[in-house]
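Got the viewer open? Let's take a short walk through this one, one selection at a time.

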Amino acid sequence: MNTEAPKGIAILGAGAVGQLIGHQLARSGIIPTLLGRDYRPLKAPFRFVSLNGEETQQEFGSADSGNIDLLIVTVKAYQVMDALQPLLPTLSRDCHLLLLHNGLGPHEALIPHLDGRCLTLGTTSQGALRLGKHQLKQTGSGLTQFGHCSGPAIAPGLKAALLSAIPGSGWVEAILPALWQKLAVNACINPLTAIHGVCNGELADDEFQSTIAAVLSELVEVAKTQGIELQEDSLSARVYEVIRLTAANRSSMRQDVDHKRKTEIDAINGYLVSIGNRHSIATPANKALVDAIHALEQRV
Ligand code: PAF
């Protein structure tokens, strides 16, 4: 069994999650390469303010794409395929890939292009805020889950490196049910906070109860078509727990709408609507949220 320490870890996507994972790996003694939009390693010193207010500065590595053992992809769901297509032919045949984004779907399009490489999927509830291009503040701790999706199993050395670097992280045997549970949280909180311009905590008000219930009930039916059995009661309890725990947060979709950026709606509620359509399951509550967010995205 190969338990060697990994040689090259690279992160594609230098947004809040990419920088956060980069700092956490560096603190554990593995300096990753942080790849920007043009695939060049980002060299500028990156500043990081940890949860306890400690400030550090970090320069990331400059591994060549052919020497990457693990590529952690932290771009938005709708960028995954476009960002990876030019890079895939330059990666070694045994490079592992890990997708870490909100929403679901890109792995389905990606798997046929992987030439049998190992694919791991993950989700994180850690919060981080970019204070500038090269400056990040961690704003919340939270669970991070990884699990096998396709191809050979991840090398034990890489798995151990990830789990020891990222606080609150764990490996789950069935990653898809975990990702569907996160999808349920995002499908309720993200569009509603963006449409109504409210912080997460305000979704505990009675006025949102029927929409949240309808979104979850449709999600449970759609998930069944994918062999994923979810309980509406426990999903609802989880959604309201996250609403409470992140009460003061402005959700990522609300921030995207406020900054007039494209949102992740197509990989969240849009993903549910498209699978629903494929299986003739009506998803009117999710569709109404998708339409409302698309309308907001079209404002100039
Ligand atoms: O996308 C987000 O904002 C977060 O995933 C969550 C959990 C909804 C908290 O704001």
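Which residues are around the ligand? Select Asn-102, Lys-182, Asn-186, Ile-189, Asn-190, Asn-200, Val-242, Asn-249, Ser-251 and Ser-252, and you have the set. Bear in mind as you click around that this is a predicted model.

**Stop 1: the ligand's oxygen contacts**

Show side chains and start with Asn-102: an N or O atom there sits 3.1 Å from a ligand oxygen. Next, pick Asn-186, where the distance from a side-chain N or O atom to an oxygen of the ligand is 3.0 Å. Then go to Asn-190, whose side chain has an N or O atom 3.1 Å from an oxygen atom of the ligand.

**Stop 2: H5 against H7**

Now colour helix H5, residues 175–196, and helix H7, residues 232–245. Their axes are 9 Å apart and the packing angle is about 60°, which makes H5 oblique to H7. The crossing here is right-handed.

To see who touches whom, select Gln-181, Ala-184, Val-185, Cys-188 and Ile-189 on the H5 side, then Leu-235, Arg-238, Val-239, Val-242 and Ile-243 on the H7 side. Sorted by class, that contact has 8 nonpolar, 1 polar and 1 charged residues. Two names may ring a bell from the opening selection: Ile-189 and Val-242 are among the residues around the ligand.

**Stop 3: H5 against H10**

Keep H5 coloured and add helix H10, residues 284–297. This time the axes are 10 Å apart, with an angle of about 40°, so H5 is oblique to H10. H5 passes H10 in a left-handed crossing.

On H5, pick Ala-187, Pro-191, Leu-192, Ala-194 and Ile-195; on H10, pick Asn-286, Leu-289, Ala-292, Ile-293 and Leu-296. Those residues make the contact, and by class it comes to 9 nonpolar, 1 polar and no charged residues.

**Stop 4: H6 against H9**

Leave H5 behind and select helix H6, residues 209–224, together with helix H9, residues 269–278. How do their axes cross? They come within 10 Å and cross at roughly 50°, so H6 and H9 are oblique to each other. Look along the pair and you'll find H6 passing H9 in a left-handed crossing.

For the contact itself, show Val-215, Leu-219 and Val-222 from H6 alongside Asn-269, Leu-272, Ile-275 and Gly-276 from H9. The class count for H6 with H9 is 5 nonpolar, 2 polar and no charged residues.

Conventions: Residues numbered from 1 in each chain as written. Predicted model: local features only at pLDDT ≥ 70, side-chain atom pairs only at ≥ 80, totals over all residues. Heavy atoms only, no water. Axes fitted to C-alpha atoms, helices over the stretch in contact; angles between N-to-C directions. Helix = DSSP H or I, 4+ residues; strand = E, 2+ residues; numbered from the N terminus. Parallel < 35°, antiparallel > 145°, perpendicular 65-115°, else oblique. Left-handed = near helix turned anticlockwise from the far one by under 90°. Contact = heavy atoms within 4.5 Å. Nonpolar A, V, L, I, M, F, W, Y, C, P; charged D, E, K, R; others polar. Near = heavy atom within 4 Å. Polar contact = N/O pair within 3.5 Å; in protein donor to acceptor, adjacent residues only side chain to side chain.
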